[in-house]
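Colleague: Before I rely on the labels attached to this model, could you take me through the reasoning behind some of them?

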Amino acid sequence: MGLLGSLLMLLPLICIILSTKTLAQSPGSPKTSARSLDALLQDYAYRAFNRPRTGIAYDGNPPSNLTGIRISAMRLRSGSLRTRGVNSYREFEIPVGVMEQPYVERLVLVYQNLGNWSSVYYPLPSYTFLAPVVGLLAYDASNLSATNLPELDINASGEPILIKFQDVKVPVGSTARCVSFDLQGTPELSNVVSENVCSTVNQGHFSIVTESIAPSPAPVSPPPPGPKSEGGGGKDNKKVWKIVGSIIGGLVLLVLLCFLIIWVRRYKQRKKIQQMETAAEVGEALQMTSIRDTRAPVAMGTRTQPVLEHEYVP
């Protein structure tokens with residue numbers, strides 16, 4: 001049983017491995033984050049360039065599974081952006097004095113309009129989006145076929161960059177607020193500059209929101225006494241049951257493996273005994289004779305006659 005004891009000693013390690021694998025496969029975060037989306041849209045926006053001209057916006061085609069998102073790209077000289085700005089680039093109005101870090105000779109401004117995907121990639125609890133989230137990100141233009149480029153840090157040193165949203169309808173009794181998301185997705189609320197207009201000095205993603213008004217809860221009877229469960233209790237219970245199921249399954253497989261090893265060892269022992277018995281039966285056959293009503297083996301006569309060691313007889 002030495003092998004069985006070794007397997008039982010490995011049982012805790014097997015349980016830990018199964019639990020770790022289950023936790024790794026459990027859903028925790030969305031498949032595509034906002035940062036991954038930025039990298040993906042940069043790639044597709046750059047594909048729109050075909051003999052690009054400076055200062056012209058080229059509309060790109062996002063992936064087919066992101067229907068509703070609009071992208072475009074505009075290549076600019078660094079000096080032209082700083083001294084002239086961009087009067088109108090979709091919702092953005094870029095003044096003079098905008099500089100990038102680190103310095104590049106040419107840069108590309110990638111525009112994003114997330115449409116109905118706004119709240120998916122940039123959720124804002126307790127607030128309702130009145131306009132789609134739009135983004136403005138700057139990249140190096142030295143290689144228009146490059147992917148996964150890091151963003152340049154652009155900063156408005158003079159007048160701020162304006163974002164002019166269209167078709168924004170503020171509900172009666174609500175107040176519109178500007179929201180900006182930095183590259184890490186951290187939101188920051190601010191007041192609108194004027195009707196449907198927000199401002200920023202950095203790149204990022206922007207929209208107009210209003211605080212959600214929760215309906216008054218209807219009176220309900222007190223719940224029966226029992227264990228309280230929090231919002232994520234159901235999901236946590238599912239994770240726990242998955243871990244427990246994996247451990248139990250591992251134990252069952254281990255027990256079956258032990259039984260299989262024991263059966264194989266016993267089978268080999270029985271097989272060896274049968275071979276020994278067969279070998280014993282295959283030996284020289286004895287002559288059978290009848291003694292009354294039974295038959296019994298009788299040895300043959302001696303093969304060698306006894307001979308005296310010395311012929312001398314006293």
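Modeller: Let us begin with two tyrosines of this predicted model: Y89 and Y111 are both buried, a word that is used for residues under 20% relative accessible area.

Colleague: Why is the pair of Y89 and Y111 called tilted?

Modeller: The ring centres of Y89 and Y111 lie 6.1 Å apart, and their planes meet at 55 degrees; centres within 6.5 Å make a pair, and an angle that is neither under 30 nor over 60 degrees counts as tilted, so the pair is tilted. Y89 belongs to strand β3 and Y111 to strand β6, 22 residues apart, and the pair thus links distant parts of the chain. Ring pairs also join Y89 and Y111 with F92 and F206 in a cluster.

Colleague: What makes the pair of F49 and Y58 edge-to-face?

Modeller: Among the eight aromatic pairs found in the whole structure, F49 and Y58 have a centre-to-centre distance of 5.7 Å and 65 degrees between their planes; because edge-to-face requires an angle over 60 degrees, the label applies to this pair. Both F49 and Y58 are buried.

Colleague: How do you know that the span of helix α3 is close to the expected one?

Modeller: Helix α3, residues 34-46, has 13 residues and reaches 18 Å from its first C-alpha to its last, and 18 Å is also the value expected at 1.5 Å a residue. Its buried residues include L37, L41 and Y46, and what covers the buried residues of α3 includes β2, β6 and α5.

Methods. Residues numbered from 1 in each chain as written. Predicted model: local features only at pLDDT ≥ 70, side-chain atom pairs only at ≥ 80, totals over all residues. Heavy atoms only, no water. Helix = DSSP H or I, 4+ residues; strand = E, 2+ residues; numbered from the N terminus. Expected span 1.5 Å × (residues − 1). Buried < 20%, exposed > 50% of the residue type's maximum accessible area, 1.4 Å probe, protein only. Contact = heavy atoms within 4.5 Å. Phe/Tyr/Trp six-rings, centres within 6.5 Å; stacked < 30°, edge-to-face > 60°.
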